[in-house]
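Please open the structure in your viewer and keep the sequence panel beside it, so that each selection can be followed in both places. The tour moves from one stop to the next, saying what to select and what is there.

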Amino acid sequence: MKIAHLQFKNQPDALLAIVSDDQALLVRDLRLSEPLNSLQDLILDGPEILETIFEQISQADTKLWQSLEHFTFLPAVINPPITLAVGLNYDEHASELKLDNDAGPVLFTLFPNSLSAHQGNVEIRPDISTEIDYEGELGVIIGKPAKDVTPEEALDYVFGYTITNDITARDIQFREPQWSRCKSFDGFTPVGPWVVTADEIPNP
C-alpha cells in the first residue's frame, strides 16, 4: 500500500490518501470509526486499521478515486516524533569526504522545518552556504516503540519505507562538530512522494 499526504491545489489542508498508479483515494472518504488525518494517526491506530482500509479499498466505489493531477504533494511523513539520521554508513562516501568512520556510523537528528515535499522547491541561499551537496537516501518509518531490539527482530518494527533527499551545507558541516544544523535548513530533507508499507516489500 502506498500512503501519501496530499492537498488540493490552492488549499491548505493536509489529506491522508492511498495512492495507486496515478490515482488517489482520500482516507476521509472511507467508512472508518474515527478520522485519520495523518500517517502518524494511522500508525498509532495499529495494524488492524490497515486491514480495515484494505478491505474497504477493495469494495470502494471507483468514483472515489481521483487523479493525482488535482493534488500537490506534502511530505510523506509529517510531524514525526523524531527524524533520526545515520551518517558515515558508506565507507566509499566517508572516504570521499575525508571523514573517519572507523568508530562506526554517526547518529544525529534533523529539525522538523527541514522536511519538504516531492516536486517542491528548496531555497538555496548563498548568504548561508556556497557548498550545497545532496544524496538520495532510504527513509525507514518505525511503526512501534523499540528498545534493545536485536538485528534479527529489527524489521518487525518497520512500518514502511520512503525515499528522501539529504541536502547538506558542506562548508558548515566541516566547520562544526555536530551535523544537525548543516542538514536542517528549511526544506533540506525532501520526503516522498509516499510511504510504501513494509508488507509490500519481502524481508531479505
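A residue is called exposed here when its relative accessible area is over 50%, buried when that area is under 20%, and partly exposed in between. With that cut-off in hand, select Gln119, which has a relative accessible area of 67% and therefore counts as exposed. Gln119 sits in the loop between strand 8 and strand 9, and its backbone has a positive phi of about 70 degrees although the residue is not a glycine. Please keep in mind throughout that this is a predicted model.

**The whole chain**

Now step back and show the entire chain, whose secondary structure comes to four helices and twelve strands. Taken along the principal axes, the C-alpha atoms fill a box of roughly 55 × 45 × 25 Å. Of the 204 residues, 42% count as buried, and the accessible surface of the chain comes to about 12,500 Å², with 51% of it belonging to carbon and sulfur atoms. Among the contacts with a separation of 6 or more, 66% are accounted for by residues 24 or more positions apart.

**A buried serine in a loop**

Stay in the loop between strand 8 (115-117) and strand 9 (132-142), and select Ser129, which lies there as well. Is Ser129 buried or exposed? Ser129 counts as buried, because its relative accessibility is 3%. To see what surrounds this residue, leave aside its neighbours within four places in sequence and display Ala169, Arg170 and Asp171, with which Ser129 is in contact. Arg170 is 41 residues away along the chain, yet the C-alpha atoms of Ser129 and Arg170 are separated by 7.9 Å. Show the side chain of Ser129 next: a polar contact of 2.6 Å joins this side chain to the side chain of Asp171, and the side chain of Ser129 also reaches the backbone nitrogen of Glu131 at 3.2 Å.

**Along strand 10**

Move to strand 10 (residues 158-169) and select Thr164, which belongs to that strand. With a relative accessibility of 15%, Thr164 counts as buried. Once neighbours within four places in sequence are set aside, the contacts of Thr164 are Glu135, Gly136, Glu137, Gly139, Pro190 and Val191, and it is worth displaying these residues together before moving on.

**The nonpolar core**

In soluble globular proteins, nonpolar side chains tend to be buried together. In this model the largest nonpolar core has 22 residues, and a useful selection is the set with the most contacts inside that core, namely Ile3, Leu39, Leu42, Ile53 and Phe159. The elements that give two or more residues to the core are strand 2 (15-20), helix 1 (39-44) and helix 2 (47-59), which can be coloured to follow the core through the chain. Which residues does Ile53 contact, leaving aside its neighbours within four places in sequence? They are Met1, Ile18, Leu30, Leu32, Leu36 and Leu42.

**A nonpolar patch on the surface**

Turn on the surface and select Ile82, Leu84, Val86 and Leu107, which form a nonpolar patch with about 400 Å² of accessible area together. One of these residues, Leu84, lies in strand 6 (residues 84-87), and Leu84 counts as exposed because its relative accessibility is 53%.

**Three loops to finish**

Select Asp21 in the loop between strand 2 and strand 3 (23-26). Although Asp21 is not a glycine, this residue has a positive phi of about 55 degrees, and with a relative accessible area of 67% Asp21 is exposed.

Next, go to His70, whose place is in the loop between strand 4 (66-67) and strand 5 (71-73). His70 counts as partly exposed, since its relative accessibility is 44%. Not counting residues up to four places away in sequence, His70 touches Gln7, Phe8 and Lys9. The C-alpha atoms of His70 and Lys9 are separated by 6.5 Å, although the two residues are 61 residues apart along the chain.

Finally, select Pro193, which lies in the loop between strand 11 (189-191) and strand 12 (195-197). Display the backbone here and look at the peptide bond from Gly192 to Pro193, which is cis, with omega near 20 degrees.

Key
Residues numbered from 1 in each chain as written. Predicted model: local features only at pLDDT ≥ 70, side-chain atom pairs only at ≥ 80, totals over all residues. Heavy atoms only, no water. Buried < 20%, exposed > 50% of the residue type's maximum accessible area, 1.4 Å probe, protein only. Contact = heavy atoms within 4.5 Å. Polar contact = N/O pair within 3.5 Å; in protein donor to acceptor, adjacent residues only side chain to side chain. Core = buried A, V, L, I, M, F, W, Y, C linked by side-chain atoms within 4.5 Å. Patch = residues over 30% accessible without salt bridge, like charges linked within 9 Å, V, L, I, M, F, W, Y side chains within 5 Å. Areas by Shrake-Rupley, 256 points an atom, 1.4 Å probe, with all protein chains shown as cover. Salt bridge = Lys/Arg side-chain N within 4 Å of Asp/Glu carboxyl O.
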